[in-house]
Amino acid sequence: MSNQIGHKRRWHWACAAAAVLLLQPAFSQVRQQTIEPPAPSADVPAAPQSGSATGGVFAPVLDAEKRPITEGDFVKTGPKIYEDISAKAGLTSWHHTMGTPQKKYIIEEIGSGVCLLDYDRDGWLDIYLVNGSTYDAQDGKAEPPHAALFHNNHDGTFTNVANIAGVTNGRWGFGCAVGDYDNDGWPDLAVTNFGKNRLYHNNHNGTFTDVAEKAGVTLGNWSTGASFGDYDGDGRLDLFVPGYVHYDMAHPPSAGPAGAGMGFCEFRGVSVSCGPRGLEGEPDHLFHNNGDGTFTDVSVKAGVSDPNHYYGFSSTFVDVNNDGKVDLLVANDSSSNYLYINKGNGAFENDSFDSGFALNRSGRETASMGLAVGDYNNSGQVGIYTTTFSDDYNTLFQNMGAGNFSETTSRAGIDQITYPFLGWGTEFIDYDNDGWKDIFVANGHVFPQVNQHQWGTSYAERPLLFHNIDQGKKFQIVPAVEGTGLAEVIPSRGAAFGDLFNDGKIDVVINAIDHTPVLLRDVSADQNHWVGIQLIGGPGTPRDAVGSTVYLTADGMRQRGDVMSGGSYESSNDQRLHFGLGKATSVDSVEIHWASSGKVERVRLPGIDRYYAIEEGKGVVPSVYDAIARQMASGKKEPRSLAGK
């Protein structure tokens, strides 16, 4: 009760702070940059206008060459953390397409996600890239753009096998999520669209079959960042699908008496697409897995139907209060975020406001797009990071225990730098294997018009990487060194994070709107150790162990990793757990809290600097990673005959 009272007091304080902010003039503070921002120009109005939530109107921050820091502020020398190997890897043969370059309507703007999955179980991550569509394709006047499934060739290259695999989609695609919903040991794939969604069942032979109609999960209209999770503890993965805007393709939203209000169709006084504010939202849906290949919509019964029809973007199931049951997080655009606490009886409690996650520290709704979840301060509790619109800052929420969160972005030193950027895919990753999770953010604006004005932002933007420098209390921006991946200026949207080369480094795949994909390989020069774990659930646990938690201790440092589906932005990450070990040369202990079954198991790892498969009740088991580890150690290329084993 005391926690709840404390939250209510904090909520009242936040409301008061928000009221004070409304009385202040538009923001023009100096960001934490080496360049002094100029005074607002005549091009900048005194009040924000747009269908997306922002924190105000800010003066531009430019670099020494008078470029917005979103596409500049590079340094000549410094550490090379990421290398863009997109072309070398063969990914640039595919192109994302969404609407027209003018982006007249909101459906053309938000882009699509990317999923990492080992669809053929050869031990190497493959890449699924969702594609958008065009109005002509929707009208049957043109061939629709198709999704890509890039098979990992084990030699640093990838081959698009989407046609062979039967996963081209051909609908106006937005998100994807990975989960073994039928517990057959093979990852399946949910794809969300404008129109009917798809559920691709893995056929175990390199192909998939769309079973969404039979399964009862097609829905309609506009779905976004789905996720799998076993909310009722029956050992089977259920499916959550957020809804965004209720959209009528024949009558797209426009300004005027019959459309959205004019204030929702302008940004800084310039006419842009309308929404999402001013438009009708779509409800969210939770589908219960019946265990026979079908699902039942239990959204209302479970208390997660979103009766206010907020603008849902990204979601994930994870245990935020350490009670052994997965809770549900939803990042909403221009409306308050959702945190649903699992009550253990098939229903959730909406704890969004009481938990402190619904709003930022000023009591404002943010335009939350991306959603990262992880134990960034090694406290044994998962924190949250959300990305937002430009003219606002991304938010870092520290878990104070029992699912209570405090927004600590300013104290962490990473609020001011993000104001000019518009963030999408994001994740907590330990890029240098020092045992402390860092933060990666993919960025890109939604309005092409920003390139025509001196607002200090740009349509294509560089990514941001924040290094964890003080045990989660402080983060520091990693410089964008010219010629490296952090200096790539791209119109990013979805991003997925994982070890594509089995070398213990976390790589990033970005699905950029109207652009070729971007693969940033982690080439950090650190010499730290690491270990990776793939969990395999037993009876009573989802086979892919989604929802399970691992506590790993090495050299006195205890870390937490959670197996999750969804998250980032309309995307799904590598479901293997990665732990940086710093200089530790062995792992002291591995404690696994298995999802659904509730079993707690302790396992000893025989080595480091490789992946291990751990099966519930059996410990470390033989796997394809044994052969991969031998080849990685010898420096030899893996024989192709291992594929599919």
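In the predicted model, A177 stands opposite A190 of strand β7. The pairing of β6 with β7 (residues 188-194) is antiparallel and runs over seven bridges. Strand β6 spans residues 172-179. Eight of its eight residues are buried, and the strand is mostly covered.

The protein as a whole contains nine helices and 38 strands. Of its 645 residues, 65% are buried. Contacts were also examined by sequence separation. Among those between residues at least 6 apart in sequence, 63% join residues at least 24 apart.

A second antiparallel pair is formed by β35 and β36, which four bridges join. These two strands make a hairpin with six residues between them. In the turn, S596 has a positive phi of about 70 degrees. V590 has V603 in β36 as its bridge partner. Side chains alternate along β36 (residues 600-603). E601 and V603 point to one face and are buried. V600 and R602 point to the other face and are not buried.

The nonpolar residues were then grouped into cores. In soluble globular proteins, nonpolar side chains tend to be buried together. Here the largest nonpolar core has 37 residues. Those with the most contacts inside this core are L199, L239, I533, L535, L552, L581 and L605. Elements that give two or more residues to the core are α5 (212-215), β11, β31 (529-536), β32 (549-554), β34, β35 (589-593) and β37 (611-615). A second core, separate from this one, has 32 residues. Its members include F194, M249, L279 and W424.

Within the largest core, L552 illustrates the packing. Residues up to four places away in sequence are not counted here. L552 touches V531, I533, F579, L581, V587, V590 and L605, among others. Its partners also include M557, R558, Q559 and S589.

R576 is found in the loop between β33 (557-562) and β34 (577-582). R576 is counted as buried because its relative accessible area is 9%, under the 20% limit. Two polar contacts involve its side chain. One polar atom of the R576 side chain lies 2.9 Å from the backbone oxygen of D499. The side chains of R576 and N502 are joined by a polar contact of 2.9 Å. Neighbours within four places in sequence aside, R576 is in contact with G123, L125, D499, N502, I533, Q534, Y611 and Y625.

Q534 and Y625 recur at the largest pocket. They are among the residues closest to its centre, with R121, G185 and I536. The pocket holds about 640 Å³ of space. Its lining comprises 29 residues. β2 (114-117), β31 and α9 (624-634) each supply at least two of them. The largest share, three residues, comes from β31.

Helix α9 has a buried set made up of V624, Y625, A627, I628, A629 and Q631. These buried residues pack against β31 and β37. Just after α9, G635 takes a positive phi of about 80 degrees.

Enclosed space was considered separately. The structure holds five cavities of 30 Å³ or more. The volume of the largest cavity is about 480 Å³. Its lining has 34 residues. E427, F428, D562, D574 and L577 lie nearest the centre of this cavity. Several strands contribute to the lining. β20 (371-374), β24 (423-429), β28 (492-498), β33 and β34 each supply at least two residues.

H246 provides a further loop site. H246 lies between β11 (238-241) and β12 (266-267). With a relative accessible area of 39%, H246 is partly exposed. H246 and L279 are 33 residues apart in sequence, with a C-alpha to C-alpha distance of 7.5 Å in space. L279 is itself included in the second core. Not counting residues up to four places away in sequence, H246 touches N221, E280, G281 and E282. With N221, the contact includes a polar contact between the two side chains, at 3.5 Å.

Notes. Residues are numbered from 1 along each chain as its sequence is written. Side-chain values use heavy atoms; hydrogens and water are left out. Buried means under 20% relative accessible area, exposed over 50%, partly exposed in between (1.4 Å probe, protein chains only). Contact means heavy atoms within 4.5 Å. A polar contact is a pair of N or O atoms within 3.5 Å; within protein, one must be able to donate a hydrogen and the other to accept it, and residues adjacent in sequence count only if both atoms are side-chain atoms. Two strands pair if DSSP finds at least two bridges between them. A nonpolar core is a set of buried Ala, Val, Leu, Ile, Met, Phe, Trp, Tyr and Cys residues joined through side-chain atoms within 4.5 Å. On a 1 Å grid over the protein atoms alone, a cavity is a set of points where a 1.4 Å probe fits but cannot get out, and a pocket is an open set with protein on both sides within 12 Å along at least five of seven lines; lining residues have an atom within 4 Å of a point. Grid points are joined across faces, edges and corners, and a volume is the space filled by probe spheres set on the points.
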